[in-house]
Amino acid sequence: MDIRQDRNARRMPAGLVALALGSFGIGLTEFVIAGLLPQVSDSLDVSEAAAGWLISGYALSVAIGAILLTAATTRVHRKAVLVALVALFVLGNLLSAVAPSYAVALLGRVIAALCHGSFFGIGSLVARRMVPPERASQAVAVMFAGLTVANVLGVPFGALVGERWGWRATFWAITGIGVLALAAIAVCVPAWAGAVHETHRPAGLRPQLRAFRSWQVWLTLAATALSYGGMFGAFSYIAYTFTEVTGFTPADVAWLLVVYGSGLVIGNIAGGRAADRDRDRTLIVSLAGLAATLAAFGLLADGRIASVVLVFLMGVFGFASVPGMITRVTDAAGGAPLAASANVAASNVGNALGAWLGGLAISASLGYTAPLYVGAAVVALGLAVMVVTARTASSPPAGPDQATGPAWLDQERRHDTIR
């Protein structure tokens, strides 16, 4: 009987798979455009710089939507919010697919992006409620697995479909994935996992904002922004490093990005498991590993074998911290959904900061390895923040999902099963 219970406890809930499908679709939307910009630019008769706003405009909208939509839906059942967010995602991609002009295509990108941060923020809270508390980071990792797989497949998927059937076909395909994700979430995510309990959590906006009085919340958000910023600052110019320093051909960049993306997938899974055993140690080790990898990459970028190994490790260490950061900030904020979405917003702010700093280094004629060194320095700063955060933390306050113990969760599960 004990063995059966243990197997049931470790079985992946169907709701987590549904959330992973949603994150896969959202990830495709984010990454796929990079391989389509030339086609979009020619089709809609705009410059390359204007087409680039389909990427940067998306990133800015992610940061804005993460805060605004989460704040606006604090009292709404979280499953209903997730379904509505995916519906918004479908609408945005549908607009991009049928866009008669650049303005409509950009509007579609903005609408699709608005759901991004809130989906991952709110979805991470729903995901961790579907498993025992000791597996919270693993549950978040499962949901984010869709995003990491999309990172591996996004650019080649978009390029392949776009080359054969046109760039609009890519957005039609993503729209179809969104419809499937919407149906899966509606059917598979249990109602109790998204319930908002007034007695157990800060449901209104004002109590959630009070959670940001905690220095632990702000320090964790800072560590998130710096870790993402360092990695993305290096990654943004990695193609130039490969071609101008290592000596790979432009055609090699595609499979090298797959190597990097494979590292993201492995790091996400391993990081989730490790964070459930010792979260702060996992975060510190991950950031230290990322800083060391970026610095070593800068030193050894002229070697092909070393570059392949290091770009893989860059992916592993780069995403190993993600599940732990999400659960840490939400626990420090007492389970406030706004904190989880703020973490996604912080990562996008870090992405923009990192890309800007990397570009400054190249503009200063420091060479195409400079973004790697800049990234290492930024991540090292994030590591210092994380060490201070861990050392100044008292016993982390249990979030509302854990504070009241598994008893009320078990009761809801039994009630949901009976229904």
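Here is a short walk through a predicted model, one selection at a time.

**Whole chain**

Start with everything shown as cartoon. The protein chain has 19 helices and zero strands. Color by burial if your viewer can do that: of the 419 residues, 54% count as buried. Contacts reach across the sequence too, since residues 24 or more positions apart account for 85% of the contacts with a separation of 6 or more.

**Helix α2 with helix α8**

Select residues 14-32, which is α2, and then residues 167-188, which is α8. Their axes are 8 Å apart, and the helices pack at an angle of about 160 degrees. An angle over 145 degrees counts as roughly antiparallel, so that is the label for α2 and α8. The crossing of the two is left-handed.

Now turn on side chains. On the α2 side, the contact includes Ala14, Gly15, Ala18, Leu19, Leu21 and Gly22. Farther along α2, Phe24, Gly25, Leu28, Thr29 and Val32 also take part. From α8 come Thr170, Ile174, Ile177, Leu180, Ala181, Ala184, Ile185 and Cys188. What classes of residue make up this contact? There are 14 nonpolar, five polar and no charged residues.

**Helix α2 with helix α5**

Keep α2 on screen and add residues 78-98, helix α5. Here the axes come within 11 Å and cross at roughly 30 degrees. That value is under 35 degrees, which makes α2 roughly parallel to α5. This crossing is left-handed. To see the contact, pick Leu19, Gly25, Ile26 and Thr29 on α2, along with Leu82, Phe89 and Asn93 on α5. By class, that gives four nonpolar, three polar and no charged residues. Look again at Leu19, Gly25 and Thr29: they are listed in the contact with α5, and also in the contact with α8.

**Ser23**

Stay on α2 and click Ser23. Is Ser23 buried or exposed? Its relative accessible area is 0%, under the 20% cut-off, so Ser23 is buried. Leaving aside neighbours within four places in sequence, Ser23 is in contact with Phe119, Phe120, Met143, Phe144, Gly146 and Leu147.

**Ser118**

Next, select residues 102-129 to bring up helix α6, and find Ser118 in it. At 1% relative accessibility, this serine counts as buried. Which residues touch Ser118, leaving aside its neighbours within four places in sequence? They are Gly65, Ala66, Leu69, Thr70, Leu85, Gly123 and Ser341. For a long jump along the chain, draw a distance from the C-alpha of Ser118 to that of Leu338: the two residues are 220 apart in sequence and 8.4 Å apart in space.

**Helix α11**

Last stop: residues 238-246, helix α11. Show the buried residues, Ile238, Thr241, Phe242 and Thr246, as sticks. Where do they sit around the axis? They cover an arc of only 95 degrees, which puts them on the same side of α11. In an α-helix there are 3.6 residues a turn, so residues three or four places apart point the same way.

To see what that buried set packs against, add α10 (215-235), α12 (253-277), α13 (279-300), α14 (304-320) and α17 (370-392). Finish by clicking Gly247, which follows α11 and has a positive phi near 100 degrees.

Notes: Residues numbered from 1 in each chain as written. Predicted model: local features only at pLDDT ≥ 70, side-chain atom pairs only at ≥ 80, totals over all residues. Heavy atoms only, no water. Axes fitted to C-alpha atoms, helices over the stretch in contact; angles between N-to-C directions. Helix = DSSP H or I, 4+ residues; strand = E, 2+ residues; numbered from the N terminus. Parallel < 35°, antiparallel > 145°, perpendicular 65-115°, else oblique. Left-handed = near helix turned anticlockwise from the far one by under 90°. Contact = heavy atoms within 4.5 Å. Nonpolar A, V, L, I, M, F, W, Y, C, P; charged D, E, K, R; others polar. Buried < 20%, exposed > 50% of the residue type's maximum accessible area, 1.4 Å probe, protein only. Arc of directions from axis to C-beta.
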